[in-house]
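Biologist: I am new to this structure and would like to learn how to read it. Could we go through it together, one feature at a time?

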Amino acid sequence: MQILQNISLKPYNSFGIDVIAKHFVSITSIANLKAVLSLKKHSNILVLGGGCNMLLTKNFEGLVIHINIKGIEIISENEDAVYVKANAGENWHEFVLWCIDNNFGGVENLSLIPGNVGSAPIQNIGAYGVELKDVFESCEAMSLENYSLKTFTKKACNFGYRNSIFKQAAKGKYIITSVVLKLTKKQHKLHISYGTIASELELLKIKNPSIEDISKTIIAIRERKLPNPKLIGNSGSFFKNPVVSKKHYNKLLKNFNDIPCYQVSDTQVKIPAGWLIEKAGFKGKRFGNYGVHENQALVLVNYSDAKGEAILKLSQLIQKTIKRLFGVLIEAEVNII
Ligand code: EPU
């Protein structure tokens, strides 16, 4: 383990923003992590997993800790279910493929989500009708205060839509080191009702889909709609879908009769931010080397060497415009650093 100086973070964030970390260390074991924290040399720490949910807007003056702890193991199983532990540095999608290869069900709808396993609980990753919390059992995290490991059960994580205790009360206090998921070994519970999954399967003439069929379908849908961060810098959804009162939604309906929504409760609905951004005229808009993606307005993109600051300004302009046009605040989903 070596602490490096003045390292470009460009290869470590999916937006591909070129900022410099004053100090940088890549960690491959829990012992390493404890050792580096015990040095107590750095008060300003940035923990990096896959770097897929952040926008870096300036050089980082402290220590960047890149969590690269690998390993997947079965910790227990019975006839129906298996408990799988994956370490934080495993790539999420590769982990999903490992589960599918082993016929372990539950994460197939979360195929191709960028990022690492350790970041998944922080924002309770979700896609196509499934969220991490649906299969989550527990995670282990190191306290930044006393460097001990603590287990967080599903209940303790307090999961919500793109939300958890790690974005609230425990924010900046722990580093997630591993995650345990409970997956099915047979009679997998398939989720095919979201969006175009069912019609896509029909098109492929697949009647009784396996978890592998679902994974392949979702990969195809995502590849069509979302830019590949290896080719065009981006952080997936830049904004969260806003939750508004039904009263406000009904008011909007009078002017925009095609505005979609998902029911949240008896009094609230969620509006797709992508729809609002598209309606506001931003979809596919390019501002030199950055802009709004042409197939999914929720995604901001870096075409080459954009500055994080410029993308942040664009996101603020979008927020302001949406507020003015629809009276709705759309909040950033990515972490602004
Ligand atoms: N829409 C538009 N224009 C757009 C994009 C979307 O009008 O440019 C409208 C359409 O009405 C569409 C609806 O929005 O039917 C929903 O779109 P989509 O199914 O693509 O889902 P989303 O709400 O835009 C969310 C997640 C995605 C996830 C998809 C699929 C959030 C913030 N985003 O997007 O997550 O892949 O559902 O489940 O909840 C991510 O977090 O990085 C991410 C990509």
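Biologist: Which side chain has an N or O atom 2.7 Å from a nitrogen atom of the ligand?

Modeller: In this predicted model, that side chain belongs to Glu278. Tyr161 also makes a contact, with a polar side-chain atom 2.7 Å from an oxygen atom of the ligand. For Arg222, the distance from a polar side-chain atom to a ligand oxygen is 3.4 Å.

Biologist: How much of the ligand's accessible area does the protein cover?

Modeller: The ligand has 820 Å² on its own, and the protein covers 82% of that. The shell around the ligand holds eleven nonpolar, five polar and seven charged residues. Helix 7 gives the largest share, three residues.

Biologist: Now the rings, please. How is a pair of aromatic rings described?

Modeller: Two values do the job: the distance of the centres and the angle of the planes. Take Phe256 and Trp275: their centres are 6.2 Å apart and their planes meet at 85°, an edge-to-face pair. Phe256 is in the loop between helix 6 and strand 15, while Trp275 is in helix 7, so the pair ties together parts 19 residues apart in sequence.

Biologist: Is Trp275 buried or exposed?

Modeller: Trp275 has a relative accessible area of 15%, and under 20% counts as buried, so Trp275 is buried.

Biologist: And which ring has the charged end of Lys270 over it?

Modeller: That is the ring of Tyr161, with the charged end 3.4 Å from the ring centre. Likewise, the charged end of Arg286 sits over the ring of Tyr303, 3.8 Å from its centre.

Technical notes:
Residues numbered from 1 in each chain as written. Predicted model: local features only at pLDDT ≥ 70, side-chain atom pairs only at ≥ 80, totals over all residues. Heavy atoms only, no water. Phe/Tyr/Trp six-rings, centres within 6.5 Å; stacked < 30°, edge-to-face > 60°. Helix = DSSP H or I, 4+ residues; strand = E, 2+ residues; numbered from the N terminus. Buried < 20%, exposed > 50% of the residue type's maximum accessible area, 1.4 Å probe, protein only. Lys NZ or Arg CZ within 6 Å of the ring centre and 35° of its normal. Polar contact = N/O pair within 3.5 Å; in protein donor to acceptor, adjacent residues only side chain to side chain. Areas by Shrake-Rupley, 256 points an atom, 1.4 Å probe, with all protein chains shown as cover. Nonpolar A, V, L, I, M, F, W, Y, C, P; charged D, E, K, R; others polar.
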